[in-house]
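Biologist: Please take one strand of this model and go through it closely, with whatever packs around it. Then set it against another part of the chain, and give the cut-offs as you go.

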Amino acid sequence: MPAPNNKPPTHGDGSVTLVGAGPGDPELLTLRAVRALQEADVILIDNLVAPAILDFARREARKMMVGKTGYGPSCRQDEINAMMISLARSGKRVVRLKGGDPMIFGRAGEEIAACQAAGIPIEVVPGITSAQGAASRLGISLTQRELARRVQYITAHGANGRLPSDIDWRSVADPSTTTVVYMPKRTLAELAATALAHGIAPDTPAIAVASATRPDERVISATIATIAAQLAEAAPDGPVIVMIGHALGAAHCVPCKADAGESPQVTERPIARHNLAS
């Protein structure tokens, strides 16, 4: 498949731009993402996009929710593809706004392929993925020297809604790996049990972060043996990721712009809170 054209499209032509909205904090948007939002005629919005992101959008732009929701009503991917192509063919500058980074578990490949097959110019604007946003708030390096040789992103939600059958469990159990699990809410108990069966140490640190970088952020600190039960008990709203690995043992919640009384909610098993610069 040919690479997408990352040159900004000509303004007189219809086009599609896949824009990464980041994990939620609007100040984490890239300048290129802001420019695309301010030039859009139509914005097709993913369910995981924080509402505050749209404050940067062109006021006259038509805004349409087309997000996909796990285990609930949602637009089919072929419907989203057809909508993008139809709008672009009518001369509209279309922004497909996705949470996090569109190239990480965002079905970007399918949308790029559909636009290219239809001859529609397409650009991709990367965003900060939720793993990076969560790590920054926790004050941890996912590749902490002497604790993690590599970091891997996996999804706990397969095409059939179940835990994928092709996860490399040896790599998850590797004590020198940091694993970030996307879309884990429904299958985390099975994932943790399978990882334990493949030899991961039960006391391996595991942290769930809900609504990372947003005002209602919640952090649940546990171990791989207890994280599923604690997350189920907390039942947080919003997108959740789970990070697993020994590098997480040094986690601290770093105050952001809300340090004066608006710090994110840290619950269940508190993590020491201090500014790393102190």
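Modeller: The account below starts with the conventions, then takes the strand, its neighbours and the contrasting part in turn.

This is a predicted model, in which local features need pLDDT of at least 70, side-chain atom pairs count only at pLDDT 80 or more, and totals for chains, interfaces and linings use all residues. Residues are numbered from 1 along each chain as its sequence is written, and side-chain values use heavy atoms, with hydrogens and water left out.

The protein has seven helices and 11 strands; these are DSSP runs numbered from the N terminus, helices being H or I of at least four residues and strands E of at least two. Of its 278 residues, 50% are buried. Buried means under 20% relative accessible area, exposed over 50%, and partly exposed in between, with a 1.4 Å probe and protein chains only. Among contacts with a separation of 6 or more, 70% are between residues 24 or more positions apart, a contact being heavy atoms within 4.5 Å.

The strand chosen is β7, residues 177-182. Six of its six residues are buried, so β7 is largely enclosed by the rest of the structure. In a regular strand the side chains alternate between the two faces of the sheet. In β7 both faces are covered: T177, T179 and V181 are buried on one side, and T178, V180 and Y182 on the other.

Two strands pair with β7, taking pairing as at least two DSSP bridges between strands. β6 (150-155) runs parallel to β7 over six bridges, with T155 as the bridge partner of Y182. β10 (240-244) runs antiparallel to β7 and is joined by four bridges; here I244 stands opposite T179.

β10 also leads into the largest nonpolar core, which has 26 residues; L191, I227, V242 and I244 touch the most other members. At least two residues of this core come from each of α5 (169-173), α6, β8 (205-210), β9 (218-223), α7 (227-234) and β10. A nonpolar core is a set of buried Ala, Val, Leu, Ile, Met, Phe, Trp, Tyr and Cys residues joined through side-chain atoms within 4.5 Å. Leaving aside residues up to four places away in sequence, V242 touches T179, V180 and V181 of the chosen strand, along with P184, L188, I207, A208 and I227.

Past the end of β7, M183 sits in the loop that leads to α6 (188-197). M183 is partly exposed, at 38% relative accessible area. With F105, V151 and Y153, M183 makes a nonpolar surface patch of about 310 Å². Such a patch joins Val, Leu, Ile, Met, Phe, Trp or Tyr side chains within 5 Å, from residues with over 30% relative accessible area and no salt bridge.

Before β7, D174 lies in the loop after α5, and R149 lies in the loop between α4 (130-138) and β6. Their side chains meet in a salt bridge, at 3.8 Å from N to O, where a salt bridge is a side-chain nitrogen of Lys or Arg within 4 Å of a carboxyl oxygen of Asp or Glu. The pair therefore ties together parts that are 25 residues apart in sequence. D174 is buried, at 16% relative accessible area, whereas R149 is exposed, at 66%.

The contrasting part is β4 (93-98). Five of its six residues are buried, so β4 too is largely enclosed. β1 (15-20) pairs with β4 in the parallel sense over six bridges, and V19 stands opposite L97. β2 is joined to β4 by four bridges, also parallel, with L44 opposite R96. R93 forms a salt bridge with D41 at 3.3 Å, N to O. D41 is in the loop between α1 (31-39) and β2 (42-45), 52 residues from R93. D41 is buried, at 19% relative accessible area, and R93 is partly exposed, at 22%.

Key
Patch = residues over 30% accessible without salt bridge, like charges linked within 9 Å, V, L, I, M, F, W, Y side chains within 5 Å. Areas by Shrake-Rupley, 256 points an atom, 1.4 Å probe, with all protein chains shown as cover.
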